[in-house]
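Please look through the structure below and follow the paragraphs that come after it. They move from single residues to a whole chain.

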Amino acid sequence: MNELATTATLLGVFVLVLLAGGLWVALALMAVGLATIFLMVSVPPGAVMATTIWGSVNSWDLAALPMFIWMGEILFRTKLAEDMFTGLAPWMRRVPGRLFHVNVLGCAIFAAVSGSSAATTATIGRMSLPELKRRGYDERMAIGTLAGSGTLGLLIPPSIILIVYGAATEQSIARLFIAGIMPGIMLAVLFMGYCAIWALVQRDRMPVPDERVPYLTRLWQTRRLFPVLALIAGVIGSIYGGFASPTEAAVVGVVLALLLSAFSGTLTRASFMDALRQATRTSCMIVLILAGAAVLTVAMGYTGIPRELAAFIGSLELSPYALLAALTLFFVVLGCFLDGISIVVLTTSVILPMIEAAGLDIIWFGIYLVLVVEMSQITPPVGFNLFVLQGLTGYNILKIARMTLPFFLLMIIAVVLVVAFPQIALWLPQTMLSR
Amino acid sequence: MRQFLDGLYRVAEWAAMAALCAIAVLVFAQVSGRVFDTLLVMTGSSPYGFLIPSLAEIAGFLLVGASFLALAGSFRAGSHIRVTLALMHLPEKVRRASETTALALAAFLSGLLAFYTARLAWDSFVYGEKSFGIIAVPLSLPQGVMALGALVFAIATIDDLVATLRGGRPTSIAKEEEGAGDVA
């Protein structure tokens with residue numbers, strides 16, 4: 001154990017040095033995996049690398065990844081973001097907190113199609129922040145809601161990060177998707193509840209409401225959102241009902257997104273090629289990270305470090321709660337400098353045996369992991385989404401972190417709830433019709 | 001030379017995009033077939049039994065092709081992520097040295113990747129390994145494409161390394177700095 005502990009520490013330091021030195025994440029994972037096999041095991045590292053990567057990328061389930069990314073890229077180019085504000089705003093007039101809810105709902109819908117919290121925060125923020133400011137809304141709350149909500153949609157399927165987790169741990173992507181729905185909605189409700197309460201307490205800091213818009217006009221302004229909502233519902237519904245695998249649902253999503261884009265007049269040769277090219281690049285980036293992580297996972301398996309670690313943690317006889325508390329802290333620290341997908345693949349290769357040994361459900365752990373990882377993206381003093389907002393508003397990061405703090409605390413509440421009541425995540429998958 | 005290399009990256013990326021399109025077309029055809037069959041059953045006729053043989057396997061192969069052929073293009077577009085937080089706070093000289101080292105490592109690793117995937121493909125070819133599905137695809141074919149993509153990737157990293165050593169800005173990093181903030 002002692003010798004392994006030393007090795008594990010050295011490897012950990014090696015990973016950090018490579019990452020901090022600016023080596024591309026996927027290659028850093030691969031390098032550490034190769035070095036581990038080369039130094040510690042008597043198998044040919046190169047051959048193991050090639051077969052492992054082949055095995056991890058050659059996958060029907062993983063084909064859902066580029067398809068969902070492509071669907072998102074097509075929808076990005078349909079003026080979805082612009083429609084979001086005009087479409088949602090008139091419905092929120094009577095709700096306490098009014099247009100703050102547009103931030104939350106807009107992010108939820110947008111993240112459902114994009115699967116990236118940074119992209120969600122940037123896209124929705126670029127459009128809603130100036131609008132909220134112009135109408136005299138409290139800027140602190142506007143930025144806070146945006147930072148918080150940017151992260152929540154990653155739980156709402158189709159979630160790219162859950163596909164990555166499913167591929168890395170060989171879990172059913174369909175079940176993961178369905179498991180993410182309730183926690184995602186719960187988080188949105190928490191955020192919206194906070195906005196409402198804040199608005200009721202700080203009544204004098206809310207601007208005068210806009211003119212009432214008649215129902216028919218509202219419906220007209222929202223018309224372009226309905227097809228998108230229908231698309232998301234269709235994709236999730238067909239997976240839930242067992243009519244389609246995630247890959248099939250994703251492809252249908254692509255086709256419908258193309259139709260939608262054609263109807264809204266944004267489908268041109270250039271926009272089609274643009275979306276396809278961007279999807280190809282992004283999915284290539286993620287697949288390479290998965291491939292690198294697969295090499296690392298196999299290397300770790302050879303060394304026995306994860307097994308030993310699991311046994312060691314087991315010998316401490318921690319309660320699952322203590323273990324999860326320690327892990328949460330660990331992920332939040334990692335989130336200071338790594339993006340969500342990298343954290344997921346980096347940690348699953350080492351800690352998964354530990355989770356299994358602790359008797360935790362792997363699907364549930366995926367939801368917990370995504371929740372915590374997303375929380376880490378808005379953690380002061382450093383976090384990815386905070387940087388995006390810094391770029392958007394020009395405020396310094398600490399100021400933004402302060403504005404985001406209430407939402408960070410709400411996320412902690414969400415994590416506690418999901419830990420205390422695992423059924424929040426696990427109930428819905430149990431009711432799935434097949435598969 | 002410059003023109004040839006840029007052309008090479010572009011062709012590889014087009015092939016990757018075509019592979020993604022192929023996945024979409026094949027899977028959509030399969031889904032439509034199933035929907036059509038369901039409609040047939042609902043109207044009381046017997047199902048046609050529309051099926052694309054070995055679709056799951058072929059989609060996997062196409063995904064490998066798409067992912068590896070896209071490596072060079074996405075690398076040069078700055079789509080691949082890395083941690084720049086520490087680098088940002090380093091003095092210009094140290095940062096450059098660190099980036100050059102990272103590029104050298106990337107070139108080395110992608111070279112290894114190209115070599116060993118090529119050997120995997122070669123072994124599959126020599127032993128005549130085939131996939132298990134209804135359509136038995138020789139594994140050397142998709143593995144060969146994987147090796148090809150890895151090779152173009154290796155060329156792209158060396159290309160950038162050379163550019164840096166000559167004192168220029170490597171394309172991958174320059175593009176990243178332009179704000180390729182659209183990565184996931």
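Thr222(A) belongs to helix α11 of chain A, which covers residues 215–222; helices (H or I, at least four residues) and strands (E, at least two) are DSSP runs, numbered from the N terminus. This is a predicted model, in which local features need pLDDT of at least 70, side-chain atom pairs count only at pLDDT 80 or more, and totals for chains, interfaces and linings use all residues, while side-chain values use heavy atoms and leave out hydrogens and water. Residues are numbered from 1 along each chain as its sequence is written, and chains are lettered from A and ligands numbered from 1 in the order in which they are written. With a relative accessible area of 5%, Thr222(A) is buried, a word that stands for under 20% relative accessible area, whereas exposed stands for over 50% and partly exposed for what lies in between (1.4 Å probe, protein chains only). When neighbours within four places in sequence are left aside, Thr222(A) is in contact (heavy atoms within 4.5 Å) with Gly87(A) and Trp91(A).

The largest nonpolar core, a set of buried Ala, Val, Leu, Ile, Met, Phe, Trp, Tyr and Cys residues joined through side-chain atoms within 4.5 Å, has 210 residues, and those that touch the most other members are Leu327(A), Trp364(A), Phe365(A) and Tyr368(A). Helix α14 of chain A, residues 269–303, gives the most to this core, with 15 residues. Trp364(A), again leaving aside neighbours within four places in sequence, is in contact with Leu324(A), Val418(A), Val419(A), Pro422(A), Ala425(A) and Leu426(A).

Chain B contains seven helices and zero strands. Its radius of gyration, taken over C-alpha atoms, is 21 Å, well over the 16 Å that the globule rule (2.2 Å times the number of residues to the power 0.38) gives for 184 residues, so chain B is more spread out than a compact globule. The C-alpha trace of chain B spans about 75 × 40 × 30 Å along its principal axes, and buried residues make up 47% of its 184 residues. Of the contacts in chain B between residues at least 6 apart in sequence, 74% join residues at least 24 apart.

Within this chain, Leu8(B) sits in helix α1, residues 2–42, and is partly exposed, with a relative accessible area of 25%. Not counting residues up to four places away in sequence, Leu8(B) touches Val152(B) and Ile155(B). Leu8(B) and Asp160(B) are 152 residues apart in sequence, and their C-alpha atoms are 14 Å apart in space.
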